[in-house]
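Work through the exercises below with the sequence and the model at hand, and try each task before reading its solution.

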Amino acid sequence: MKQGFTLIESLIYMALLAMFLIVLTNVLATTLETLTESSKQSAIDSDAMYIMTRLSYDVGRSTDISVSENTLTLSVGSYTLSNGYLLLSGEQTNSFSSRVESFIPTKISNESGKATVRIYLDLISGDKSKSLISTFGLR
């Protein structure tokens, strides 16, 4: 009795191996795509939460609000939009993995007489985006 593989057995083995590798490659590609999408969404969500929390804190401890085109000036610092980054007195507030597409502060009046500002903010990371609108007032 001879030992070894016939041509048919070798072809069947190669076909099964090729199918296994194709399935494995598809699973890996899908996993990497999901990871990338999740990373983009996570960057937007964490930046949105940080920026809105920081705006709320800074407006709350400020004594004055002044608004001009794409600039919010508070007694504790100034928020400006520059090249996709929201800057607080020159310091970047959003991460490098996201960019701020628009920052529109609007000073509004309220019945209590205290200054109030409404913020429109658009964050983008890759093909993911998030629009935020919030109102903050002096304490």
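**Exercise 1: the sheet**

Ser82 stands opposite Tyr85 in E4, a strand being a DSSP run of E with at least two residues and a helix a run of H or I with at least four, both numbered from the N terminus. The model is a predicted one, in which local features need pLDDT of at least 70 and side-chain atom pairs count only at pLDDT 80 or more, while totals for chains, interfaces and linings use all residues. Residues are numbered from 1 along each chain as its sequence is written, and side-chain values use heavy atoms, with hydrogens and water left out.

Task: state how many bridges join E3 to E4, and find which strands stand at the edges of the sheet.

Solution. Begin with the pair: strand E3 (residues 77-82) and E4 run antiparallel and are joined by four bridges, where pairing requires that DSSP finds at least two bridges between two strands. Next, extend to the whole open sheet, whose five strands follow the order E1-E2-E3-E4-E5 with antiparallel pairing. Strand E1 (65-68) and strand E5 (91-92) each have a single partner strand and stand at the edges, so one side of each is left without a neighbour in the sheet.

**Exercise 2: the core**

Task: determine which element gives the most residues to the largest nonpolar core, and which residues Leu55 touches.

Solution. The largest nonpolar core has 22 residues, and Leu55 is among those with the most contacts inside it; such a core is a set of buried Ala, Val, Leu, Ile, Met, Phe, Trp, Tyr and Cys residues joined through side-chain atoms within 4.5 Å, buried meaning under 20% relative accessible area, exposed over 50% and partly exposed in between, with a 1.4 Å probe and protein chains only. Helix H1 (7-61) and strand E8 (128-137) are among the elements that give two or more residues to this core, and H1 gives the most, with six. Leaving aside residues up to four places away in sequence, Leu55 touches Leu72, Tyr79, Ile119 and Phe136, contact meaning heavy atoms within 4.5 Å.

**Exercise 3: charged pairs**

Task: identify what ties Asp45 to Lys130, and say whether Asp58 is buried or exposed.

Solution. Asp45 and Lys130 meet in a salt bridge at 2.9 Å, N to O, the criterion being a side-chain nitrogen of Lys or Arg within 4 Å of a carboxyl oxygen of Asp or Glu. Asp45 lies in helix H1 and Lys130 in strand E8, so the pair ties together parts that are 85 residues apart in sequence. Asp58 forms a salt bridge with Arg54 (3.0 Å, N to O), and Asp58 counts as buried at 0% relative accessibility, whereas Arg54 is partly exposed at 26%.
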